[in-house]
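Take a walk through the chain below, beginning in its enclosed spaces and ending at a few single residues.

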Amino acid sequence: MKTFTERILWVAVLLLVTGLFIIGCGDDETEDVEDLLLEEEEAAGTTLIEVPPAYVFDSRFVQGESSVAYSGQTVRNLLLQDLKVLIDSLAKDGAQPIAVQDMLNLYTYDDALNLQSLSTAGATPVLESHYSAISTGKSLVGKISGDVVIGYNRTADDLVNEWFQIIADNSQDPAKLGTPAVYTTDNGVDLTQMINKVLIGAVPYYQATGVYLAGLLERDNSEARNGTDPYTSMEHGWDEAFGYFGAARDYFRYTDAELAGGVDDFTFDSNGDGSIDFKSEYNFGLSRNAGKRDKGGSGVDLTREIFDAFLRGRTFIANQGTEVDIIQQRELAANSMEKVIAATIVHYVNDTLSDMSNLGTDVENRVNLNKHWAEMKGFTVALQYNPFKLIGDGQLQELHGIMGEAPSYDAPGTPAYDTTVRNYNRAKDVLQAAYGFSAANMANW
């Protein structure tokens, strides 16, 4: 039996041989050849689809059923977000002391806890408020990278557990509880930001790029997974990578301003059922950061680059396209997500420099400096987890060496301050060299 490709080649030869006759014979013969092409496509079991405007793909195997599934990724994005909500709450009026176990309950989540999410969708109720109602058996620790963190010589898991202990200890101090000091180390490291940004890198970003996109070509794309699933193993792997990016299914409907705004902006009840589905109508972490960088930049459209790549790559997979086409979209998705993180580091280098110049004796300025430095540093850690990364390990080591282990409080005008400013500007040079960002965006992000 001829393969689908061989049949198409045979039809092409037939077209060439009969081309002159088609001109003379009229439309009937033309329609016959078109019908033959359609028959060949049907015989091969392939109905080619166009790139859709939203992340919606029908099953090749089960009529009327979707082939998209990534509920586990949604739970992990939600746990990651809720961990930050929990730690942030310690700085608010009326906060109560916390134990390490309270944070571990989200980090090492167990379905037996049957916890309700701390996240909301603003004024609109959420469809499924409990993690286990979305997907079971999911945790952050179960998917964290075991790589040693550059600049720390320890794993992300080691660091996070150490930081949990510091926060729990600080919460026992009435002078710190209810203030940002509760999650800040003695040398000024804002741990709520460090935990969040390091985990963004070591879980969703690592899983998306280092596991699912990196291992994509090893997955079968010819049969239903397990013989019964409505998707192939390759389709599912691609969907899981997209799930970790955290975008709503109709991501293109959101403006950059909406993605950069509050929860009422970056969620939308697309199906009009009166509730927000975390799996399809909510934008998490990286997908929102992409909108923020587009909004604050010029000549960049990272949201479109990433979503286009995920849509086109998934379409190629559904159409059983070539590895070359799939690989191209895989690298576009991975590299564009990396650029979002790198651009965000530039943004926080700029914020850190601004905070340093306005430090003075204002306690609030120091709190801002602690926050922005930790976001800068934490996202720099995150960059290492992409096997397709554009930046080299040597450049990452240089960045960590420049940033050090804590923010600097040197007074403006002093030699130490001037040295720190030069070093941070050098960090921007390293990032610009790696990613080719424009001078305008390096200055204005």
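Begin with a small enclosed space. The second largest cavity holds about 30 Å³. Its lining is made of Leu80, Leu83, Lys84, Ile87, Thr192, Ile195, Asn196 and Leu199. Helix 3 and helix 7 are the elements that each give two or more residues to this lining. By class, 5 of the lining residues are nonpolar, 2 are polar and 1 is charged. Keep in mind that this is a predicted model.

How many cavities of 30 Å³ or more does a search of the whole structure find? The count is 2. The largest cavity has a volume of about 40 Å³. Around it stand Tyr70, Thr74, Asn77, Gly243, Gly246, Ala247, Phe278, Lys279, Tyr282 and Phe284. That lining divides into 5 nonpolar, 4 polar and 1 charged residues.

Now turn from the cavities to the open spaces. The largest pocket has a volume of about 630 Å³. It is lined by 29 residues, and the closest to its centre are Lys84, Asn196, Lys197, Arg288 and Lys292. Two of these names have come up before: Lys84 and Asn196 also line the second largest cavity. Four elements give two or more residues to the pocket lining: helix 3 (71–88), helix 7 (191–213), helix 10 (285–296) and helix 13 (363–382). Which of the elements gives the most to this lining? Helix 3 does, with 6 residues. By class, the pocket lining has 13 nonpolar, 9 polar and 7 charged residues.

Step back to the whole chain. It has 16 helices and 2 strands. Of its 445 residues, 49% count as buried. The accessible surface comes to about 19,400 Å², and 50% of that belongs to carbon and sulfur atoms. Contacts reach far along the sequence. Among those with a separation of 6 or more, 73% join residues 24 or more positions apart.

Next, the interior. In soluble globular proteins, nonpolar side chains tend to be buried together. Here the largest nonpolar core has 117 residues. Helix 12 (residues 323–357) gives the most to this core, with 14 residues. Which residues have the most contacts inside the core? They are Tyr55 and Phe310.

Look at Tyr55 in more detail. Setting aside neighbours within four places in sequence, tyrosine 55 is in contact with Val68, Tyr70, Trp238, Asp239, Phe242, Arg249, Phe307, Phe310, Leu311 and Arg314. Phe310, the other residue named for its core contacts, is one of these partners. Tyr70 is another, and Tyr70 also lines the largest cavity.

Histidine 372 takes us back to a helix of the pocket. This residue sits in helix 13, one of the elements that give two or more residues to the pocket lining. Is histidine 372 buried or exposed? It is buried, because its relative accessible area is 13%, under the 20% cut-off. Leaving out residues up to four places away in sequence, histidine 372 touches Tyr348, Asp351, Thr352 and Asp355. Histidine 347 is 25 residues away in sequence, and the two C-alpha atoms are 9.1 Å apart in space.

Two asparagines deserve a check of the backbone. Most residues other than glycine have a negative phi. Asparagine 114 has a positive phi of about 50 degrees, although it is not a glycine. It lies in the loop between helix 4 (100–107) and helix 5 (131–134). At 46% relative accessibility, asparagine 114 counts as partly exposed. Asparagine 153 also has a positive phi, of about 60 degrees. Its place is in the loop between strand 1 (148–149) and strand 2 (154–155). With a relative accessible area of 67%, asparagine 153 is exposed, because exposed means over 50%.

End at aspartate 169. It lies in helix 6 (residues 156–171). Its relative accessibility is 44%, so aspartate 169 counts as partly exposed. Tyrosine 183 is 14 residues away from aspartate 169 in sequence, and their C-alpha atoms are 9.5 Å apart.

Notes. Residues numbered from 1 in each chain as written. Predicted model: local features only at pLDDT ≥ 70, side-chain atom pairs only at ≥ 80, totals over all residues. Heavy atoms only, no water. 1 Å grid on protein atoms, 1.4 Å probe; cavity = no way out; pocket = protein on both sides within 12 Å on 5 of 7 lines; lining within 4 Å. Points joined across faces, edges and corners; volume = space filled by probe spheres on them. Nonpolar A, V, L, I, M, F, W, Y, C, P; charged D, E, K, R; others polar. Core = buried A, V, L, I, M, F, W, Y, C linked by side-chain atoms within 4.5 Å. Buried < 20%, exposed > 50% of the residue type's maximum accessible area, 1.4 Å probe, protein only. Contact = heavy atoms within 4.5 Å. Areas by Shrake-Rupley, 256 points an atom, 1.4 Å probe, with all protein chains shown as cover.
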